[in-house]
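Dear colleague,

I am passing on the structure we talked about, which you will find just below. Please have it open beside this message while you read.

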Amino acid sequence: TITFGQLLPFTGTKAFLSSWAVHGDNAAIYDVNHNGGVMGQKLRSVSADDAGDEADAVPALRKLLLSSPKFIVGPFSLTIMAVINQFDPNHVVDYVIGGTTQLDTMRYPYVYRTTASDSAETAAMAYYAAHKGLVRAAYIFDNSANTQGLVAPLTKAYEAQGGKVVANEEIVPDQSSYRTELTSVFSHHPDVIFCAFDQQTATTLFADASQLGDLNLPWIGEDVLGSPGYAKAFGQPAASKYLFSVSGASPGGAAYQHFLDDYQAVYHTKNILSSSYNMYDSVIISALAMTAAHST
């Protein structure tokens, strides 16, 4: 067999993200192994849990490297900066999952990504808000480096559309209350909230916002905000009216249909998980590259 690695958050507040990757990877494994494998050898995956935490990512990668993977899918943007300098010296190709703007200029020959930059999503967030006439925005972003990387491109795009940022609240994740931060933000009378934080934070923050009467205007975020847990935390019918997320346009064509057929074969549905086709691409690209090179 030919082994590749998955460096993903199987535990922790971002554990839901791991299923996006695993579903895409497994559909690709099915496709490769049902079409002759790579040089006649079956493809298989091994996994390590980084818990979505930079401190856990380093030992998780070391564990993964013991399996001599031919390439690695992951980690997500959450932890990539903690391990990004480890792939070149180990001569292992890596596919980052996520569009962190920190990697808009790539300087690592062994590191790639099949997802678009978050700067494209922030442009869409800004465009949507401005064209809905929402020109007074407040930011509520957590203090992680990945999330804070959204601020500059979002501000540039939003101001270019005629919008004005009236408040920028940087929050600490997973606190017991956000009433003080919400009171500060809404004292500036925004007509739209741009936001990014994990689901555990969302549960508390949206509950506090509801009690303060602050869930009566649009909240807009990147693709992660489209996960069902956020809508549940926001509550219905408010989420259907006020909670918005942006994501890449749906693919199409024969190659995408081929992916859907693989996904159906493995998971018995064509209702795919978010971004799973990006990870599918990562595995397929690697299998094609090894086949073309006659080498792993």
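What follows goes from the overall chain to the sheet, and then to a few individual residues.

Please keep in mind that this is a predicted model. The secondary structure of the protein chain comes to 13 helices and 10 strands. Given its 296 residues, a compact globule would be expected to have a radius of gyration near 19 Å, and the chain has 20 Å, which agrees with that expectation. Along the principal axes, the C-alpha atoms fill a box of roughly 65 × 40 × 35 Å. Buried residues make up 48% of the 296 residues, while the chain exposes about 13,200 Å², of which carbon and sulfur atoms supply 52%. Among contacts with a separation of 6 or more, 67% are between residues 24 or more positions apart.

The part I looked at with most care is an open sheet of 5 strands, which has the order 2-1-3-4-5 and parallel pairing. Strand 2 (43-49) and strand 5 (111-113) stand at the edges with a single partner strand each, so one side of each is left without a neighbour in the sheet. From one strand to the next, the twist averages 25°. Helix 1 (residues 16-33) packs on this sheet and touches strand 1, strand 2, strand 3 and strand 4 (93-97), and its direction makes about 165° with that of strand 1.

Turning to the pairings themselves, strand 1 is joined to strand 2 by 7 bridges, and the two run parallel. The chain passes from strand 1 through helix 1 to strand 2, and this β-α-β crossover is right-handed. Strand 1 (residues 2-8) is also joined to strand 3 (residues 71-76), in this case by 2 bridges, and again the pair runs parallel. G5 takes part on both sides, since its bridge partner in strand 2 is V46 and its bridge partner in strand 3 is I72. Strand 3 is joined in turn to strand 4 by 4 bridges, with the two running parallel. V73 in strand 3 stands opposite Q6, and V73 also stands opposite Y95 in strand 4. As for the surroundings of strand 3, 6 of its 6 residues are buried, so this strand is largely enclosed by the rest of the structure.

Two residues of helix 1 may be useful to you as points of reference. The first I would look at is D25, which is found in helix 1 and counts as buried because its relative accessibility is 0%, where the cut-off for buried is under 20%. Leaving aside its neighbours within four places in sequence, D25 is in contact with F4, Q6, V73, M279 and V283. Of these contacts, Q6 and V73 are the residues already described as standing opposite each other. The C-alpha atom of D25 is separated by 46 Å from that of S187, which is 162 residues apart from D25 along the chain.

The other residue is N33, which also lies in helix 1. Is N33 buried or exposed? At 16% relative accessibility, N33 counts as buried, because the value is under 20%. Not counting residues up to four places away in sequence, N33 touches K42 and L43.

With best wishes

Technical notes. Residues are numbered from 1 along each chain as its sequence is written. This is a predicted model: local features need pLDDT of at least 70, side-chain atom pairs count only at pLDDT 80 or more; totals for chains, interfaces and linings use all residues. Side-chain values use heavy atoms; hydrogens and water are left out. Two strands pair if DSSP finds at least two bridges between them. Axes are lines fitted to C-alpha atoms, for helices over the stretch in contact, and angles run from 0 to 180 degrees between N-to-C directions. Contact means heavy atoms within 4.5 Å. The radius of gyration is taken over C-alpha atoms; the globule rule is 2.2 Å times the number of residues to the power 0.38. Buried means under 20% relative accessible area, exposed over 50%, partly exposed in between (1.4 Å probe, protein chains only). Accessible areas come from the Shrake-Rupley method with a 1.4 Å probe; for residues, only the protein chains shown count as cover. A crossover is right-handed if, with the strands pointing away from the viewer, the path from the first strand over the helix to the second runs clockwise.
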